[in-house]
Amino acid sequence: MTGPGSSQERDARLQGRTVVVIGGSSGIGRETARLARAEGADVVLVGRDPGRLREAASDVGAASSEAFDATDPERLERFFEGLPGPVDHVMVTAGSNYYARLADLDFAQAQRQVDEHLWLPIRIARAAAGRMPAGGSLVFMGGTGARRPALGLAVSSPLTVALPALVAVLALELAPVRANLIAAGFVDTPLSARLLGDQLEQRREQLRDSLPIERVVQPDDVAELAVHLMANTAVTGATYDIDGGQQFASRA
């Protein structure tokens, strides 16, 4: 006999489903793939770096993986056209942030961020929706840190504000396929480590001291929310914050 919350019950959340994770070679994407697989899904990983992607696919038990730049529209369309069957859920964690004062702005890097955070979700929605059953879902990643104006956020801030509106529109246009957004604060990922370098531990300590949850948000925290949004077919057009209370902590 099994009770509520037992492993057998939980394993059925994505049983028999196919989950595509774009940006699945590390961090949040990799942990989402790992959890989806543990919940019974067949997982397909996409990433830019072939070596890291092969290692991640082996680690999480992915059914397959493909290495390419998801911001290439033609390659993205070929990927979805080449999948052998329907896709139940797509998780998109690809992309990074770019911060610069206006006088120092590199327009090529800024354009890359626009491609990754605005055009990529639109292109994925159009390419994937026709292969998805009713109740399937697209889960996108956004953030909370650039909601308030600050120096260096000329690109990040408007994109952060635009994403919830975009996802709400996609939820209407793609129905009955669902679309949702996860807005994260600082998450302790390899990307965060690369951005902060030798300041990483100082940032971790600052967050542990200031966040209401008294710990740093981890990739598996976000993965659990992502899988919940895939499994709960009543949720669409929503933005879910996951930042440990960072928005409200004066010292964070």
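1. Start with the strand pairing around β2. In this predicted model, β2 and strand β3 (residues 64-67) run parallel to each other, paired over four bridges. L45 is the residue standing opposite S65 in β3. To get from β2 to β3 the chain goes through α3, and that β-α-β crossover is right-handed.

2. β2 also has β1 as a partner: the two pair in the parallel sense over five bridges. Look at L45 again here, since it is the bridge partner of V21. The chain passes from β1 to β2 by way of α2, and this β-α-β crossover is right-handed. How much of β2 is buried? Five of its six residues are, so the strand is largely enclosed by the rest of the structure.

3. Now the packing. The largest nonpolar core has 32 residues, and the members touching the most others are L45, M91, I182 and V222. Elements giving two or more residues to this core are β1 (18-22), α2 (27-38), β2 (42-47), α3 (50-60), β5 (137-143), β6 (178-184) and α9 (219-231). Which element gives the largest share? That would be α9, with seven residues. There is also a second, separate core of 30 residues, with F79, F80, L170 and L174 among its members.

4. I182 deserves a click in the viewer. Ignoring neighbours within four places in sequence, I182 is in contact with M91, with V139, F140, M141 and G142, with V222, L225, A226 and L229, and with Y240 and I242. Two of those names, M91 and V222, come up again in the list of residues touching the most other core members.

5. Helix α4 (residues 73-82) has a buried side and an exposed one. Its buried residues are R75, L76, F79 and F80. Why do they count as being on the same side of α4? Because they cover an arc of only 135° around the axis. This fits the usual helix geometry: with 3.6 residues a turn, residues three or four places apart point the same way. On the other side of α4, E74, E81 and G82 are exposed. The cover over the buried residues includes β1, β2, β3, β4 (89-92) and α5 (107-129). At the N-terminal end, D72 caps α4, with a side-chain oxygen 3.2 Å from the backbone nitrogen of E74.

6. Two backbone details to check before you set anything up. As a reminder, most residues other than glycine have a negative phi, and most peptide bonds are trans. The bond joining A175 and P176 is cis, with omega about 10°; P176 is in the loop between α6 (156-174) and β6. E214, although not a glycine, has a positive phi of about 60°. E214 lies in the loop between α8 (200-210) and α9. Is E214 buried or exposed? Exposed, with a relative accessible area of 62%.

7. Finally, T189, in the loop between β6 and α7 (190-196). Unlike what you might guess for a loop residue, T189 is buried, at 10% relative accessible area. What is T189 in contact with, leaving aside neighbours within four places in sequence? The partners are G27, I28 and P219. T189 and P219 are 30 residues apart along the chain, and their C-alpha atoms are separated by 6.5 Å.

Note on methods
Residues numbered from 1 in each chain as written. Predicted model: local features only at pLDDT ≥ 70, side-chain atom pairs only at ≥ 80, totals over all residues. Heavy atoms only, no water. Core = buried A, V, L, I, M, F, W, Y, C linked by side-chain atoms within 4.5 Å. Buried < 20%, exposed > 50% of the residue type's maximum accessible area, 1.4 Å probe, protein only. Contact = heavy atoms within 4.5 Å. Pairing = 2+ DSSP bridges. Right-handed = clockwise from strand over helix to strand, strands pointing away. Arc of directions from axis to C-beta. Polar contact = N/O pair within 3.5 Å; in protein donor to acceptor, adjacent residues only side chain to side chain.
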